[in-house]
Amino acid sequence: MHTSPVTTAHHETHENPALLHHFATAEQQKNAASFGMWVFLLTEVMFFGGMFCAYLVYRYWYFGDFAAASKSLDWRLGAVNTAVLICSSLTVAMAVRCGQVGKQKAMVVYLALTILLGLVFLGIKGIEYRDKFVEHHVPGQSDFQLKEAIPRQPGVLANQQHAQVYFSLYFAMTGMHALHMIIGVGLFAFLTYKAWKGAYSPEYYTPVENAGLYWHFVDIVWIYLFPLLYLIDRHP
Amino acid sequence: MSEHISSVKLYVGIWLALLAGTGLTVLAARIDLGPFNTIVALSIATIKAILVVLFFMHVKYAHEKMTKLVIVTAIFFLFILLALSMADYGTRLWS
Amino acid sequence: MATAVVETGERETYLNKEYGIKSWLLTVDHKRIALLYLAGITFFFFIGGFFALLIRLELLTPAGDLVQADTYNKLFTMHGQVMVFFFLIPAVPAVLGNFLIPIMIGAKDLAFPRINLLSWYLYIFAGILMLYTILAGGVDTGWTFYVPLSTEFLKTNVITAALAVFIAGFSSIFTGLNFIVTIHRMRAPGMTWNRLPLFVWAHYATSLIQVLGTPVLAISIVLVALERLLHLGIFNPALGGDPLLFQHLFWFYSHPAVYIMILPGMGIVSEVVCCFSRKRIFGYQAMAMALLGIAVVGFLVWAHHMFVAGISVYAALVFSLLSYFVAVPSAIKVFNWTSTMYKGSITYQTPMLYAFGFVGLFTIGGLTGLFLAALGIDIHVTDTYFVVAHFHYIMVGGMVMAYMAGMHFWWPKISGRMYPEGWGRLAALIVFIGFNLTFFPQFILGYMGMPRRYWDYSPAPEFQILNVLSTAGATILAVGYLLPMIYFLWSMRYGKPAPDNPWNAAGLEWTVPSPPSTFNFDEQPVVTWEAYNYDEIEGEVPGAH
């Protein structure tokens with residue numbers, strides 16, 4: 001038998017319709033949701049991390065071949081895409097800020113802009129992928145051929161097998177990143193609709209904030225992918 | 001998350017810094033720095049990532065220590081994966 | 001205390017609040033979700049067990065005469081995959097963790113009840129894919145999916161098996177995420193970290209592993225699928241890829257995964273040992289830190305599964321040394337359970353019998369892990385039955401016994417009924433005997449050189465007698481597991497109604513009725529006492545003699 005009494009704790013009255021029943025306060029709910037998103041991003045770091053590990057190992061083993069293969073990518077498209085994502089991170093941050101200050105219409109605009117920029121990114125990525133197909137740089141295909149010399153070793157063609165490892169990683173990493181972008185765009189489409197319907201206010205804009213965290217994370221992944229995939233050895 | 005509301009000026013400033021960093025990365029890639037090319041590229045990328053995390057993701061103004069702990073934990077365990085894997089790959093050809 | 005009353009006049013509980021299939025399949029009540037998981041877990045346990053029985057039947061004779069060699073490969077693969085991903089990983093967290101953690105911390109539910117339900121649906125969907133894989137002819141990669149066998153040479157259902165494991169992985173990740181946020185953010189006033197039951201600490205440590213490790217398994221499976229489907233060449237040796245890279249990524253998860261399996265069991269043992277010794281745990285801080293220590297150090301040792309695979313010997317030395325370190329926190333726990341029991345008022349109810357079994361058998365399993373961590377010994381016994389015995393001692397002698405201890409300990413709370421104690425003790429004894437008879441001979445077999453995953457050992461007929469003993473043990477073990485199935489089901493109708501606290505145990509879960517109401521507490525508790533305050537609790541375990 002317990003000798004310690006169980007006493008009553010004060011409950012916040014549930015006037016906030018967004019407050020779910022199992023949370024004591026709106027503050028607790030917001031904290032929990034935010035914390036949950038950060039833990040999810042931690043899982044995403046490890047998820048992409050596995051591919052970065054593979055990349056690290058093979059770049060270490062086959063640096064020359066990787067550099068040659070990297071040169072076949074169009075760095076200008078990569079740089080533009082990096083800029084596009086950076087702009088989209090700005091629009092996301094602005095959208096969250098609109099939530100904080102209660103600018104509902106502006107929030108809708110910024111969310112829509114984010115989607116637009118995301119689609120631009122995916123469009124450019126699509127062009128790049130098509131280029132790879134056209135140039136026969138798709139790994140595992142019988143017509144794979146990389147006609148690049150290893151940087152500063154003119155006349156030494158890149159090893160065709162190792163180059164396929166590079167392109168396997170290229171497609172796996174950018175493909176997984178693009179998949180996350182597509183999910184992000186879908187998420188933001190939903191949020192834009194809800195924002196347009198007036199669902200978000202300074203009292204409750206948590207979904208926008210948390211989706212923003214996800215979007216920024218996907219941006220950060222690209223911030224690393226760009227130099228690692230496009231700029232391995234670009235100096236003359 | 002925090003209730004701190006960043007100014008538009010701050011966001012635009014960070015945005016410009018990120019764009020500048022991208023430009024810098026491309027420029028540095030065209031200069032022969034030997035083994036430092038990789039280090040410079042990754043350092044700039046890391047600074048960009050830090051800017052996004054601190055300012056766009058509000059971590060600089062977060063009350064919660066847990067947020068920072070989550071980030072550090074993620075980086076630490078990723079580092080373990082990469083470092084201990086390289087302990088094998090880096091030493092395979094020894095002996 | 002106001003209690004809602006349903007039409008029949010009985011108290012409203014989470015079980016009778018609503019009836020109908022929709023109220024179960026669309027529930028967000030963590031307790032109902034726990035029972036949904038219990039159904040799945042039990043089902044897959046018996047599927048995995050069925051494959052084990054077939055393996056043991058084949059090994060009764062040296063010749064491969066029961067099934068074809070390829071079929072045998074499928075048997076041990078399916079046994080492993082089903083047991084690991086659909087029983088061992090989810091069992092304690094998804095059933096007992098889900099049910100108890102909110103109540104133990106004084107909350108109404110987990111932080112994300114809908115994600116909890118999503119986790120269950122992911123588990124079930126993955127389970128259906130795994131069943132499909134089995135029915136479509138199975139998969140024979142070994143539970144480890146090693147490349148290039150899985151990417152290039154097998155014509156079996158690798159992709160569906162891989163997809164099943166991938167989806168089950170996300171179920172696990174979301175459960176871990178849910179628990180971490182819940183334990184951080186939903187504790188009742190006064191429930192400080194240092195007052196948490198070790199069961200909660202154990203699930204916290206487990207959840208850390210789940211969120212950090214499982215994503216790496218996920219990506220390694222994705223890469224295998226991409227390689228198999230699209231001929232990407234990340235692990236393909238013909239392209240300069242390294243098959244060992246897959247092993248690194250796979251074992252980065254799969255070693256910590258064994259701690260996902262065991263830590264919740266350790267949490268259960270702490271609860272049970274304290275209750276049935278009527279003592280607070282010896283060294284609470286050390287026990288909590290040991291749980292975290294196992295979780296963290298467990299991430300540093302994965303390549304001890306690859307000592308003979310072709311990694312550099314220098315890396316092998318590093319991983320061997322690190323593997324010794326991970327034994328230290330585990331040993332601390334065994335010492336502390338023992339010290340808790342010392343001079344305690346011990347009674348031998350079924351949960352305590354299983355807890356005793358855990359402490360002894362986990363110790364044996366753990367010590368043999370140290371043998372395996374030694375490079376010299378590992379070269380001789382790796383890929384033999386020594387390894388098989390080692391991990392079954394920990395997983396079956398340890399984790400499954402802990403699961404049984406927990407199921408018996410908390411059954412009254414979950415179902416509102418007492419299980420029949422006599423049958424419980426008998427089943428525990430049968431399990432203990434069956435288990436040791438099954439697996440101890442395997443240590444000897446491994447030492448003598450019998451390889452694992454071999455369907456035919458006719459060049460070494462001297463292995464037969466130990467194999468026969470092992471198979472005999474397996475049938476006894478099967479009986480031991482069937483008994484609780486039967487009497488738990490029986491008790492749901494005919495068992496004695498359980499009081500709120502049938503064991504006179506410490507912990508918030510024992511302050512609410514058996515079974516609890518839907519929102520657990522009528523009023524949020526305010527905690528002012530330490531964990532395991534058995535010195536303040538009057539009375540013995542009821543029915544102790």
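**View 1. The two domains of chain B.** Domain bounds here come from an automatic or database domain assignment. In this predicted model, that assignment splits chain B into domain 1, covering 1-62, and domain 2, covering 64-95. Take the centres of domain 1 and domain 2 of chain B over their C-alpha atoms, and you will find 22 Å between them.

**View 2. Chain B where it touches chain A.** Here 35 residues of chain B are in contact with 35 residues of chain A. On the chain B side, the elements that give two or more residues are helix H1 (8-29), helix H2 (36-56) and helix H3 (65-89). If you would like a place to start looking, try H3(B), which provides the largest share of this side with twelve residues. By residue class, the side of chain B that touches chain A has 25 nonpolar, seven polar and three charged residues.

**View 3. Chain C where it touches chain A.** Let us turn to the other partner of chain A shown in these views: 44 residues of chain C are in contact with 38 residues of chain A. Two or more residues on the chain C side come from each of helix H7 (158-185), helix H8 (198-230) and helix H9 (243-277) of chain C. H8(C) is a handy landmark, as the largest share of this side, ten residues, belongs to that helix.

**View 4. Residue classes on the chain C side.** Staying with the side of chain C that touches chain A, we can sort its residues by class. The nonpolar group holds 28 residues, the polar group ten and the charged group six.

Note on methods. Residues numbered from 1 in each chain as written. Chains lettered and ligands numbered in written order. Predicted model: local features only at pLDDT ≥ 70, side-chain atom pairs only at ≥ 80, totals over all residues. Contact = placed C-beta atoms within 7 Å. Helix = DSSP H or I, 4+ residues; strand = E, 2+ residues; numbered from the N terminus. Nonpolar A, V, L, I, M, F, W, Y, C, P; charged D, E, K, R; others polar.
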